[in-house]
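Work through the exercises below with the structure open. Each task is followed by a solution in steps.

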Amino acid sequence: MKQTQDPHPPALAPLDSPEVVQSHKQMRRKAKRGRLLTYIVAVVIAVWILVPVFFVFSMAFTTVETVRGYPKNFLPFIPFSTDTMRFFLESDGVLRGLWNSFVVAAITLILSTLLSIPAGYGIARYIFRGRDLFRLSVLAVRAFPIVVLSIPLAVLFLRAGVFDSLWSLALMHTALALPTSILVVSSVFASVPYELEEAGMVFGATPFQSFRHIVVPLVLPGIAASGLFAFVLSWNEVFAASVLTLDNRTLPALVFTSLSNSPDAYKFAGGFFLMIPSIVFMFFIRRYLFNMWGQVTK
Amino acid sequence: MFFLYPMYEGFVLTVYDDDALLPIRESPTLSGATVAKLPLGTELEINDRRSQEMVNAGSDDLITDQWFQVEGTGVDGSLLRGWVTEARIRVREEDASGQPLAGTVRPRLGEGADPLTKIHAEPNETSSVVGQLEQRATVTITQSAELEVWFLVQPADDMNSGAAAGWAPSSYLRVSEDASRGWVSGATSGEFTTKFIQRMVDDRFFGPALRTTLLLLVLIIPVQLVLALAMALVIHARIRLNSGFLYVFALPIGMSDLAAGILFFSIFTGNGLLNSALDGLGIIDGPFAFLTAETTGWILVAIVAAEVWRATSIMMVIIVAGLQAIPDETLEAAELFGANYFQRVRHIILPLLKPSIQVALILRTILALQVFAVVVALSGGDVVTVLANESFRQYADLRNTNVASAYALFILLLSVASAVFYLRSVRSEAEVRPT
């Protein structure tokens, strides 16, 4: 019984013998079947992920009546219109919320990039006392509950008189984004061999020059990815934004706090705006996703 | 530092009540030495009153005295300038806005009453006396000041009997009409307390929130683990269009839980996608209301669907990173020995993935404990609630920062507990049996 199942015939059989050809065919067929199965699974999962997104997009670009209507359908089959979008954008505070979200996300991007470059370079290049502890604490913070941070910070900001300010919210978001940014940036720096920097210095460049002209061009895409990640994180963040702001609501905080008394059209158009940055940026970030998380398990 | 300090602050908010005790003082000034600290609601006997500088002008219970700065001729004939309480002066002249300009000293009635009125250097009774005025003497009023009344109090109830008497400003006391008795109505000094934790546990949403949170963990995480493994294996197989599939699979990582909540609201709502599809296929006749208070089961299904949709990708990425660390030779060797695909997954890949799976599980559980926008988007936050939502509700709606903080700390506690649980239970073989 065992013998017949063995895909590897005795070594003595000639390569063109029927048994060998037969077994090769079998293996190829098996591999083909496996490939097909993989494709099916991949497509099913992709459809499962895309259908809700596309449905909300359809709802965001149709007439308000269609959003209210039943049964519903997808975009090519329902009238295309900017009505829903216009209704959302003309609602109270939405444009300001979009602008606030953009400002906070931009500050977060800049601050986290500025802070993560030296920290990431330090972790990647130098062995200093407490380096492992530093890496570990960066990781621990990554998993830190936003809920636990937000409420004491809100009280603190309130006491310090910087409550409801876009800057304090951006500071909070920077703190949340920094651990991941530092990990990505350090793994990007680590992927550039130090020998390249040394070579630059051999040819007479100062350490800063060789950093500027050799390392920076190589790491720029990775750093941009980590910056975009910080941007998306800030754009998405609901809890801290709702707790730390009152009049200066960001978009997620605005949509969240008006969930219970807003019409569906408002929610769907809001959902569109919440998703669009991540859909655009994920395209650029995706190569660095594994840098972000690959380090975690090491 | 940025993380430790808020944590400490959160802990303090949970167990420390800023406004629990009222210090009573040796003398009726804020600089007076503290004689005792009385808890809110202590019954008091009031033995004396005094006017002093204002402590807390905004308080409901504030009792004030008016004092005038007067000029007039004193008993000894010299010109006097000083402060006297409004009760001793009858105002005779006012300007257009009602500001007093001049008056006379009121006579004291009754036997043995002191006919003279003392004038103080500053607007309170403890300041030095600069001179005395005859009764009915005319004075010009140059200034007036509002002063807070302080009371000399002594605890009257049994629990605090024997405590020393001391002075307390009126803004923290509520006094009876004849000002002979009262009780502590405000406080300035804190104490450690478990009452916020108690209030959290007694909250009628605490039980349901905790139960739902744990139920969601149990429902979501196994599904996600299996799905994330499948997705990771698909990505790792490096089929054609791999990069495209990775993009699609990774999309939900960048989505907020609010966006996921809205997505699945659009599917499960009364006239949403699911009803449209079921109706179109003829499975149901007319829309079925999934998201109502009577169908909490369906709300849970919707939350599970949304969470699985949103947060499986991040587990996938961690597991793919782990897969990339498994050398191809190991798998080739297994194949050479005749292991089929599922045997390879079961006996080679899964054991080698243990650290990655551990990290994925810890991260996922901690993040799942914080989810709340999905729940609010799908249930309104009342019918089905979770701990993070309660923390938000206590903070934003009920303005109860301390209880909100207690909820937040409870979530932190659960996070740490779950991390420890995974670290101990998903231990790799080498740790169990060192060789």
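**Exercise 1: an arginine in chain B**

Decide whether B:Arg25 is buried, partly exposed or exposed, and place it in its surroundings.

Solution. The model is a predicted one.
Step 1. Count the C-beta neighbours of B:Arg25 inside 10 Å: there are 19.
Step 2. Compare with the cut-offs: a residue is buried at 20 or more and exposed at 12 or fewer. B:Arg25 therefore counts as partly exposed.
Step 3. Locate the residue: B:Arg25 belongs to strand S1 of chain B, which covers residues 16–25.
Step 4. List its contacts, leaving aside neighbours within four places in sequence: B:Gly32, B:Ala33, B:Thr34, B:Val35, B:Gly166 and B:Trp167.
Step 5. Take a pair separated in sequence: B:Glu148 is 123 residues from B:Arg25 along the chain, and their C-alpha atoms are separated by 15 Å.

**Exercise 2: domains of chain B**

State how chain B is divided and describe the contact between its domains.

Solution.
Step 1. Read the assignment: domain 1 spans 4–193 and domain 2 spans 199–432.
Step 2. Take the centres of the two domains of chain B over C-alpha atoms; the separation is 61 Å.
Step 3. Count the residues in contact: domain 1 of chain B gives four and domain 2 of chain B gives six.
Step 4. Classify the side of domain 1 of chain B that touches domain 2: two residues are nonpolar, two are polar and none is charged.

**Exercise 3: nonpolar cores**

Identify the residues that touch the most other members of the largest nonpolar core.

Solution.
Step 1. The largest core holds 159 residues, and those touching the most other members are B:Phe249, B:Phe264, B:Ala302, B:Ala306, B:Ile319, B:Leu378 and B:Ile411.
Step 2. Find the main contributor: helix H7 of chain B (residues 296–324) supplies 16 residues, the largest share of this core.
Step 3. Examine one member. Not counting residues up to four places away in sequence, B:Ala306 touches B:Ala260, B:Gly261, B:Leu263, B:Phe264, B:Val374 and B:Leu378.
Step 4. Look for a core apart from this one: another has 16 residues, among them B:Leu44, B:Trp167, B:Tyr172 and B:Val175.

**Exercise 4: the fold of chain A and a helix check**

Summarise the secondary structure of chain A, then test the length of helix H5 of chain A against its expected span.

Solution.
Step 1. Chain A has 14 helices and zero strands.
Step 2. Of its 298 residues, 42% are buried.
Step 3. Among contacts in chain A between residues at least 6 apart in sequence, 72% join residues at least 24 apart.
Step 4. Helix H5 of chain A (residues 94–125) has 32 residues; at 1.5 Å a residue it should span 46 Å. The end C-alpha atoms are 45 Å apart, which agrees.
Step 5. Inspect the axis: H5(A) has a kink of about 30 degrees at A:Ser116, shortly before the proline A:Pro118.

**Exercise 5: the interface between the chains**

Determine how many residues each chain brings to the contact between chain A and chain B, and the make-up of the chain A side.

Solution.
Step 1. Chain A contributes 64 residues and chain B contributes 75.
Step 2. The largest share of the chain A side, 15 residues, comes from H2(A).
Step 3. By class, the side of chain A that touches chain B has 48 nonpolar, 10 polar and six charged residues.

Technical notes:
Residues numbered from 1 in each chain as written. Chains lettered and ligands numbered in written order. Predicted model: local features only at pLDDT ≥ 70, side-chain atom pairs only at ≥ 80, totals over all residues. Helix = DSSP H or I, 4+ residues; strand = E, 2+ residues; numbered from the N terminus. Contact = placed C-beta atoms within 7 Å. Domains from an automatic or database assignment. Nonpolar A, V, L, I, M, F, W, Y, C, P; charged D, E, K, R; others polar. Core = buried A, V, L, I, M, F, W, Y, C linked by C-beta atoms within 7 Å. Expected span 1.5 Å × (residues − 1). Bend = angle between axes of the 7 residues up to and from the residue.
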